[in-house]
Amino acid sequence: MGTKTVDETGVKTDDEKTVKAEEEAATDQTVGEAGEAEDADAADTDDDTAPQAAAGGAVEKEGSTGVGQGAAAVVSAGLGIVSLTGSWVGTVASARESLIGQLETSSSSNVGTLIEKGYGDAWHATALWGGAFALVALIVGVVVLARPAFGAPGRPQAPWIKSVSWAGVALGVIGLLLAVLKYTDILLGLPSTG
């Protein structure tokens with residue numbers, strides 16, 4: 001059968017039983033170390049996900065603060081386009097001024113007065129409303145561009161917000177310039193009657 005040997009304690013044991021016991025002890029130790037390593041990995045994973053979840057929450061908070069700036073930038077660009085193409089308010093104001101001009105003039109009025117009251121005032125009303133929309137577009141665009149200077153430091157503004165804001169500012173400037181030119185009759189002035 002097996003051979004008898006003396007172990008460390010001085011007790012005689014079988015070699016086969018000793019080898020088996022040592023193998024089982026080594027296996028138990030390996031399994032124990034592997035379990036500890038898995039527990040440590042799980043703890044590391046939990047620790048890693050906590051900052052990521054916190055960072056994700058911070059990203060969501062930062063994204064939500066950019067929503068207002070993005071909306072304002074789009075409004076600025078939209079108002080700039082309206083200042084160039086005309087608005088319903090400007091059309092109604094123009095028609096109203098034209099009607100008032102027709103009521104104020106009689107058939108005996110000279111042609112210059114008819115043109116001035118019937119069409120000139122309507123043209124100026126359209127220019128005024130276009131200029132108002134352009135001015136609001138310009139102000140909103142500048143406020144959106146200046147907002148990061150007064151916000152939280154280290155929180156950059158999204159590039160698309162800057163681009164749309166600059167578009168709103170540019171359209172506002174162009175619309176304001178055209179409104180001034182139309183109102184002063186430099187651009188498409190009334191025809192002369194004499």
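1. How many helices and strands does the protein chain have? In this predicted model, the protein chain has 4 helices and 2 strands, and a reading along the sequence gives the pattern β-β-α-α-α-α. The two β elements of that pattern are thus written ahead of the run of α elements.

2. On the chain as a whole, buried residues make up 20% of the 194 residues, and the protein chain exposes about 13100 Å², of which carbon and sulfur atoms supply 64%. Among contacts with a separation of 6 or more, 74% are accounted for by residues 24 or more positions apart.

3. A point worth checking in the viewer is His124, which is found in helix 3, residues 111-150. Is His124 buried or exposed? His124 counts as buried because its relative accessibility is 13%, and the cut-off for that class is under 20%. Leaving out residues up to four places away in sequence, His124 touches Glu116, Lys182, Tyr183 and Asp185.

4. Asp185, one of the residues that His124 touches, lies in the segment after helix 4. With a relative accessible area of 30%, Asp185 is partly exposed. When its neighbours within four places in sequence are set aside, Asp185 is in contact with Trp123, His124 and Leu190. Asp185 and Ala127 are 58 residues apart in sequence, while their C-alpha atoms are 10.0 Å apart in space.

5. Trp123, which appears among the contacts of Asp185, also has a charged partner: Lys182 lies over the face of Trp123, at 5.5 Å from the ring centre. Lys182 is in turn one of the residues touched by His124, and the two observations can be inspected together. As for aromatic pairs, the count comes to 0 by the rule applied here; in general, a pair of aromatic rings is described by the distance of the centres and the angle of the planes.

6. On the surface, which residues form a nonpolar patch? The patch is formed by Leu84, Ile174, Leu178, Leu187 and Leu188, and together these residues have about 410 Å² of accessible area. Leu187, one of its members, is found in the segment after helix 4, with that helix spanning 159-183. Leu187 is classed as partly exposed because its relative accessible area is 31%, a value that falls between the cut-offs of 20% and 50%.

7. For a look at the segment after helix 4, Asp185 and Leu187 are both found there; Asp185 is in contact with His124, whereas Leu187 belongs to the nonpolar patch.

Notes. Residues numbered from 1 in each chain as written. Predicted model: local features only at pLDDT ≥ 70, side-chain atom pairs only at ≥ 80, totals over all residues. Heavy atoms only, no water. Phe/Tyr/Trp six-rings, centres within 6.5 Å; stacked < 30°, edge-to-face > 60°. Lys NZ or Arg CZ within 6 Å of the ring centre and 35° of its normal. Patch = residues over 30% accessible without salt bridge, like charges linked within 9 Å, V, L, I, M, F, W, Y side chains within 5 Å. Areas by Shrake-Rupley, 256 points an atom, 1.4 Å probe, with all protein chains shown as cover. Salt bridge = Lys/Arg side-chain N within 4 Å of Asp/Glu carboxyl O. Buried < 20%, exposed > 50% of the residue type's maximum accessible area, 1.4 Å probe, protein only. Contact = heavy atoms within 4.5 Å.
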